[in-house]
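User: Could you take me on a close look at the sheet of this chain and at what packs around it? I would enjoy one connected walk through that part.

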Amino acid sequence: MIYVKRGIGILTFLLGLTGLLLVTSSVFVPKNNTEESGMEEVSANGILGEKENTIDVLIVGDSESYASISPMQLWRDAGYTAYVTGTSAQTLDYSLQMVKRAFLTQAPKMVILETNAVYRDVSGEKAMISRLGEYFSIFQYHNRWKHIRWDDFKGDVNYTWTNDFKGYRHSKAVKSCEKKDYMKETSEIADIPEGNMEYVKEIKNLCDEHGAKLLLLRTPSTLNWNYAKHNGVKKMAEELGCEQIDMNLMDEEVQIDWEKDTRDKGDHLNDYGAEKVTRVLTEYLKETGLFQDHRKDSVYAQWNESLKRYTNVTGL
């Protein structure tokens, strides 16, 4: 009888705690995807404000993704819609979260994972908070308590904002790089942490469930890539049964000039380097036969308006 009472007490406590977390989460979750509303990583989360089922290509990853791929150029040259949900130092727990968020309102035919993140560790604490944050927003937005407004208690979520650059962060800064022989061939394989492999498997499974192809992409970076890492990602792609591209080994196609095409000595590309990467990616996407040109479709009129603003700002 004592054990039954204890069990009931524990169950009651857990139910009460769950209810409290659900209530506080409904208050703390941002009601719009703007910075003023408390949304994190607003540039990446601008995808939440896009019209439903209008994104062809979802791009996730760390800063290499948002410095290397320009969705507006892809739109201008092919009429395909892409959104970069990359964030600085993004780890795969957040990559997985962004893929899940995107699939709630979008049906991309391809998900591109810029794979620099697969070699970045996810701490046990961060992994746990990310999992809890999927169910209880309070774990993700607990720092908002100082900025809670009356509207936050209404519980209505309405994402209205999107980014004209579609997640791309442009820069014309030029800081040249002297290291140009960073991809010397070797048989060594840089092992991918087991936990990170599981995250990529989850992303692959989500893509399979939603009928999207997963592409593992390495964009040019002398600081972040070498041949052993190339071998590691190639091995992972073979195990998962998905396509992979390493633009660090495509000198003739991409033609990166490390004197002019990097903003920070080989870590990230600038606008000139991103233009080259996006041009090659555009041709790859055309060859898949998966996508249609939307430039004359009135449903996508907003993209032409965004292109005008993008061109005015960047000169591209």
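Analyst: Happy to; here is the sheet, then the helices on it, and then a few neighbouring details.

A word on the ground rules comes before the tour. This is a predicted model, in which local features need pLDDT of at least 70 and side-chain atom pairs count only at pLDDT 80 or more, while totals for chains, interfaces and linings use all residues. Residues are numbered from 1 along each chain as its sequence is written, and side-chain values use heavy atoms, with hydrogens and water left out.

The secondary structure of the chain comes to 11 helices and 5 strands; helices (H or I, at least four residues) and strands (E, at least two) are DSSP runs, numbered from the N terminus. Of the 316 residues, 52% are buried, where buried means under 20% relative accessible area, exposed over 50%, and partly exposed in between (1.4 Å probe, protein chains only). Among contacts between residues at least 6 apart in sequence, 85% join residues at least 24 apart; contact means heavy atoms within 4.5 Å.

Now to the sheet itself. The 5 strands form an open sheet with parallel pairing, in the order β2-β1-β3-β4-β5; two strands pair if DSSP finds at least two bridges between them. The edges are held by β2 (82-84) and β5 (243-246), each with a single partner strand, so one side of each is left without a neighbour in the sheet. From one strand to the next, the twist averages 20°.

Strand β1 (residues 57-60) is a good place to pause. With β2, strand β1 pairs in the parallel sense over 3 bridges, and I59 stands opposite V84 in β2. With β3, strand β1 also runs parallel, joined by 4 bridges, and here V57 stands opposite M110 in β3. In a regular strand the side chains alternate between the two faces of the sheet. In β1, V57 and I59 point one way and L58 and V60 the other way, and all are buried.

Which strands does helix α4 touch? Helix α4 (residues 92-105) packs on the sheet against β1 and β3 (110-114), and its direction makes about 160° with that of β1. Helix α7 (residues 194-209) packs on the sheet too, touching β3 and β4 (213-218), with its direction at about 140° to that of β4. Axes here are lines fitted to C-alpha atoms, for helices over the stretch in contact, and angles run from 0 to 180 degrees between N-to-C directions.

These helices also meet each other. The axes of α4 and α7 come within 9 Å and cross at roughly 10°. That makes α4 roughly parallel to α7; angles under 35 degrees count as roughly parallel, over 145 as roughly antiparallel, 65 to 115 as roughly perpendicular and the rest as oblique. From α4 the contact takes in L92, D93, S95, L96, V99, K100 and F103, and from α7 it takes in N196, Y199, V200, E202, I203, L206 and C207. By class, this contact of α4 with α7 has 9 nonpolar, 2 polar and 3 charged residues. Ala, Val, Leu, Ile, Met, Phe, Trp, Tyr, Cys and Pro count as nonpolar, Asp, Glu, Lys and Arg as charged, and the others, Gly among them, as polar.

Back at the β2 edge, helix α3 (residues 71-78) deserves a visit. Of the 8 residues in α3, 6 are buried, namely P71, M72, Q73, L74, W75 and A78. These buried residues pack against β2, α10 (271-288) and α11. The axes of α3 and α11 (residues 301-314) come within 10 Å and cross at roughly 120°, and α3 and α11 are therefore oblique to each other. In this contact, M72, W75 and R76 of α3 meet W303, N304, S306, L307 and Y310 of α11. The classes there are 5 nonpolar, 2 polar and 1 charged. Just after α3 comes G79, with a positive phi near 80°.

Positive phi turns up in some loops as well. Most residues other than glycine have a negative phi, and most peptide bonds are trans. K166, in the loop between α6 (138-141) and α7, has a positive phi of about 55° although it is not a glycine. Is K166 buried or exposed? K166 is buried, with a relative accessible area of 0%. Q255, in the loop between α9 (251-254) and α10, has a positive phi near 60° and is likewise a residue other than glycine.
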